[in-house]
Amino acid sequence: MSIDNPYYSCFACILLWLSLVESIRQVYLPGDIVLGGLFPIHEGGRNASQCGKIKANQGVQRMVAMLYALDEINQNPEVLPGIQLGAQILDT
């Protein structure tokens with residue numbers, strides 16, 4: 001995957017986020033309009049304070065799709081001129 005590839009920046013952000021999931025349970029991207037996302041990133045743990053395994057094929061894919069869509073909209077000045085979309089994404 002090359003750095004010139006538009007998917008690279010999103011992919012790099014996801015990898016960074018996944019490396020931090022043990023300590024945080026949300027992603028916040030500022031914007032003029034902030035959309036919410038609730039995704040099952042982790043399996044249920046043994047108690048409410050612990051997270052289980054990462055659900056790469058379910059919650060992570062959905063989160064990546066949302067971040068990609070927001071990035072595509074924000075990069076196109078014809079879609080929402082002068083408006084930046086943001087997100088607050090939480091792990092259910």
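These are my notebook entries on what I looked up in a predicted model of a protein.

**Entry 1: overall layout**

I began with the secondary structure and found 2 helices and 5 strands in the protein, which follow the pattern α-β-β-β-β-α-β when I read along the sequence. I then looked up burial for the whole chain and noted that, of the 92 residues, 24% count as buried. For the accessible surface I have a total of about 6300 Å², and 56% of this belongs to carbon and sulfur atoms. Turning to contacts between residues at least 6 apart in sequence, I noted that 60% of them join residues at least 24 apart.

**Entry 2: the nonpolar core**

Which residues make up the largest nonpolar core? I listed 11 residues in all: Val27, Phe39, Ile41, Val60, Met63, Met66, Leu67, Leu70, Leu85, Ala87 and Ile89. Helix H2, residues 56-75, and strand S5, residues 85-91, each supply at least two residues of this core, and H2 gives the most to it, with 5 residues. As general background I wrote down that in soluble globular proteins nonpolar side chains tend to be buried together.

I followed one core member, alanine 87, through its contacts, leaving aside its neighbours within four places in sequence. Alanine 87 is in contact with Val27, Met66 and Leu70, among others, and the list also includes Tyr28, Leu29, Val34 and Leu35.

**Entry 3: the two sides of helix H2**

I next went through H2 for buried residues and found Gly59, Val60, Met63, Met66, Leu67, Leu70 and Asn74. These residues are on the same side of H2 because they cover an arc of only 120° around the axis. On the face of H2 turned away from this buried side I found the exposed residues Asn57 and Gln75.

Two further residues of the helix deserved a line each in my notes. Arginine 62, which is found in H2, counts as partly exposed because its relative accessibility is 45%, between the limits of 20% and 50%. Its contacts, once neighbours within four places in sequence are left aside, are with Phe39 and Pro40. I also looked up the pair arginine 62 and glycine 37, which are 25 residues apart in sequence and 9.2 Å apart in space, C-alpha to C-alpha.

Isoleucine 73 is likewise found in helix H2, and at 28% relative accessibility it counts as partly exposed. Not counting residues up to four places away in sequence, isoleucine 73 touches Val79, Leu80 and Leu85. For the pair isoleucine 73 and leucine 85, I noted a separation of 12 residues in sequence and 7.8 Å in space, C-alpha to C-alpha.

**Entry 4: a nonpolar patch on the surface**

Where is valine 79 placed? I found valine 79 in the loop between H2 and S5, and at 43% relative accessibility this residue counts as partly exposed. Valine 79 also belongs to a nonpolar patch on the surface, which it forms with Ile33, Leu35, Leu80 and Ile83, and which has about 350 Å² of accessible area together. I cross-checked this with the previous entry, where Val79 and Leu80 are among the residues that isoleucine 73 touches.

**Entry 5: glycine 86 in strand S5**

Is glycine 86, found in strand S5, buried or exposed? Glycine 86 counts as buried because its relative accessibility is 1%, which is under the 20% limit. Leaving aside neighbours within four places in sequence, I listed its contacts as Leu29, Pro30, Gly31, Ile33, Val34, Leu35 and Leu70. Of these I looked up proline 30 separately: glycine 86 and proline 30 are 56 residues apart in sequence, yet 4.8 Å apart in space, C-alpha to C-alpha. I noted too that Leu29, Val34, Leu35 and Leu70 appear in the contacts of glycine 86 and again in those of alanine 87.

**Entry 6: cysteine 51**

My last look-up was cysteine 51, whose place is in strand S4, residues 51-54. Cysteine 51 is partly exposed, with a relative accessible area of 26%. For the pair cysteine 51 and aspartate 91, I recorded a separation of 40 residues in sequence and 9.9 Å in space, C-alpha to C-alpha.

How values were computed. Residues numbered from 1 in each chain as written. Predicted model: local features only at pLDDT ≥ 70, side-chain atom pairs only at ≥ 80, totals over all residues. Heavy atoms only, no water. Core = buried A, V, L, I, M, F, W, Y, C linked by side-chain atoms within 4.5 Å. Buried < 20%, exposed > 50% of the residue type's maximum accessible area, 1.4 Å probe, protein only. Helix = DSSP H or I, 4+ residues; strand = E, 2+ residues; numbered from the N terminus. Contact = heavy atoms within 4.5 Å. Areas by Shrake-Rupley, 256 points an atom, 1.4 Å probe, with all protein chains shown as cover. Patch = residues over 30% accessible without salt bridge, like charges linked within 9 Å, V, L, I, M, F, W, Y side chains within 5 Å. Salt bridge = Lys/Arg side-chain N within 4 Å of Asp/Glu carboxyl O. Arc of directions from axis to C-beta.
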